[in-house]
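User: Could you take a close look at one small part of this model with me? I am new to structures, so plain words would help.
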Amino acid sequence: MDKTVNQKAWFLVLPVLILVAFSAVIPLMTVVNYSVQDTFGDNVFFWAGLEWFEQMLRDDRMWDALGRQLLFSGIILLIQIPLGVFVALNMPKRGFWASFCLVVMSLPLLIPWNVVGTIWQIFGRVDIGLLGYTLDALGIDYNYTSDPLAAWITIIVMDVWHWTSLVALLAYAGLQSIPDAYYQAAKIDQASRWKVFRYIELPKMMGVLMIAILLRFMDSFMIYTEPFVVTGGGPGSVTTLLSIDLVKMALGQFDLGPAAAFSIMYFLVILLISWVFYTVMTNLDKRDG
Amino acid sequence: MGSITLDKVEKWFGEVQVIKGVDLEIADGEFIVFVGPSGCGKSTLLRMIGGLEDISRGALMIDGADKTAAPPSRRGLAMVFQSYALYPHMSVGENMGFSLKTAGAPKAEIEAKVAEAARVLKLEPYLDRRPKALSGGQRQRVAIGRSIVRDPTAFLFDEPLSNLDAALRVEMRYEIAKLHKTLQRTMIYVTHDQVEAMTLADRIVVLEFGTIAQVGTPRELYENPANLFVATFIGSPKMNILDCKTGDGQFSVPGGRSGAYGGDHPAVKLGIRPEHIGIGAEGEGVLDATVDVLEYLGADTYLIVDAGAAGKITVRTDGDTPVREGDRIGLVAPQERLRFFDADGLSVRAG
């Protein structure tokens with residue numbers, strides 16, 4: 001049998017192709033373009049090959065930033081996932097207070113990121129900030145502009161405050177989808193609170209939790225605005241996470257070639273980790289359906 | 001060992017009373033069915049016995065001990081749910097053994113009990129599967145297996161067959177009946193399906209708006225319903241209810257003839273089951289009527305006849321009845337099959 005050849009179909013995909021080209025492919029290609037060329041000004045470019053990639057891979061600066069980044073993402077995941085699940089487990093299941101909790105918890109998610117940064121920047125200040133002043137008054141030596149530990153604690157607490165709600169809301173949605181009959185069966189089976197969580201709630205939440213982990217990982221891995229507003233990457237470079245470092249390099253020092261190589265590797269790391277997550281998630285889905 | 005006593009049990013949801021004082025004695029080994037229309041409180045009552053709902057007032061005794069406030073796990077009961085409620089992340093065997101595991105039973109004992117229950121329910125080939133890989137009937141068997149493993153004082157079934165298709169329902173009904181014979185345990189079974197109720201029950205409890213309308217064997221309920229509600233609820237097609245007048249040892253039906261009446265006080269309604277009405281020539285029996293619709297069902301034919309002032313009446317007759325639509329017939333009702341009800345809807349006993 002002959003296949004029907006219908007070339008007209010290409011025209012139907014064309015708008016999408018154009019849109020994707022302008023929104024993703026062309027910008028990405030300009031970055032690729034910078035990453036393999038060198039310039040000495042006047043818009044004159046020379047072929048540099050993989051020189052920038054080699055330079056970046058040998059440079060401790062990117063590895064340090066990557067280390068800090070992984071530490072940051074790891075810590076906030078370790079705090080936000082259990083805390084979000086804990087909050088979700090303790091939220092009212094229905095009625096007025098359920099809606100009330102949902103609205104209150106959504107509030108941090110609705111605040112623009114630079115505002116969140118500003119809020120915590122001021123909140124933590126020793127001279128006028130409620131938190132900073134109080135801690136100082138209590139005799140605790142807290143100053144996020146000079147003490148690395150204080151700076152880290154500040155940006156972590158800020159991220160936890162900003163994003164735990166998202167995990168809690170997702171976990172709550174997962175919990176709500178568990179039919180009452182399971183809990184009743186568990187009661188008859190005299191399962192303890194822990195066993196109910198371990199054998200009913202946690203398996204039923206697994207799907208949304210994986211999504212929560214993936215979202216929180218990607219978002220935290222790309223975080224820029226909030227820590228930039230609060231600490232600007234300092235003191236020194238202790239809170240210079242990947243994207244802050246990247247911006248410093250690209251716009252601060254105008255090292256376009258290395259910065260482009262940096263961003264492509266940054267992009268590949270995110271892609272790789274997301275792919276791993278995706279594979280794990282789909283396997284989980286297949287197993288439990 | 002499995003007797004259950006309900007003493008003036010009430011359930012209030014805020015200001016709303018859903019169970020309005022239920023007294024019931026269930027003997028050890030008895031198969032009791034709670035039946036009633038939706039919203040009558042039958043499931044709520046079962047859950048109260050199981051401990052999933054609090055008992056607002058009254059007392060619950062299981063095996064002679066007061067269990068009114070005991071948590072579900074301390075009542076020694078097992079429950080089978082309409083939705084099965086099998087834990088989806090555990091295999092069939094783990095599902096069945098879960099209650100023993102939570103109770104901290106040794107592994108060998110769990111395995112032995114699960115194997116025994118699987119043998120009784122023919123679930124042996126499926127022990128390692130997940131519930132979602134099973135058919136509805138198999139899932140229901142696992143749910144029953146889970147309760148058997150607990151070795152309970154009594155089994156509670158909450159509409160266990162409602163999610164199954166008609167053929168499977170008949171099969172599982174038979175299996176539950178057999179199970180009751182084998183285990184000889186008290187079973188309380190909630191259903192809205194009167195066929196399940198009639199076939200399974202030693203005694204049926206008919207509930208209406210949170211009160212017991214009647215308790216009795218299936219035969220008692222069918223033959224001597226205590227009130228109009230039970231009369232029309234039990235039996236299919238349902239009992240015909242006609243207006244009637246009584247006096248001087250006679251009853252009369254509007255537009256019809258009269259007959260002997262032996263009630264101890266006046267009745268206003270007359271009930272007669274479709275299968276107890278005989279067909280005679282016009283002028284015979286209690287009433288004359290015109291055949292309106294003929295419903296042929298194979299073994300039976302249902303006639304829906306128009307009896308004028310007395311209204312529509314259903315008659316159940318042979319599949320090969322010679323009667324045709326439009327025929328004028330006389331409805332013959334044997335005296336001993338007539339049931340009379342007074343103004344309160346209660347059955348009138350012979351005086």
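In which helix do Trp120(A) and Phe123(A) lie, and how many residues apart are they?

Analyst: Happy to help! This is a predicted model, in which local features need pLDDT of at least 70 and side-chain atom pairs count only at pLDDT 80 or more, while totals for chains, interfaces and linings use all residues. Residues are numbered from 1 along each chain as its sequence is written, chains are lettered from A and ligands numbered from 1 in the order in which they are written, and side-chain values use heavy atoms, leaving out hydrogens and water.

Both Trp120(A) and Phe123(A) belong to helix H5 of chain A, 3 residues apart, which is about one turn of the helix. (A helix here is a DSSP run of H or I with at least four residues, numbered from the N terminus.) Their ring centres are 5.2 Å apart and their planes stand at 90°, so the pair is edge-to-face. Rings of Phe, Tyr and Trp (its six-membered ring) pair if their centres lie within 6.5 Å; planes under 30 degrees apart count as stacked, over 60 as edge-to-face and the rest as tilted.

Trp120(A) is buried at 8% relative accessibility, whereas Phe123(A), at 28%, is partly exposed. Buried means under 20% relative accessible area, exposed over 50%, and partly exposed in between (1.4 Å probe, protein chains only).

Helix H5 of chain A, residues 113–123, also holds Trp113(A), whose partner Trp163(A) sits 50 residues away in helix H7 (residues 148–176) of chain A, so this pair links distant parts of the chain. Those two rings have centres 5.9 Å apart and planes at 85°, again edge-to-face. Trp113(A) is partly exposed at 37%, while Trp163(A) is buried at 10%.

Definitions and conventions. Helices (H or I, at least four residues) and strands (E, at least two) are DSSP runs, numbered from the N terminus.
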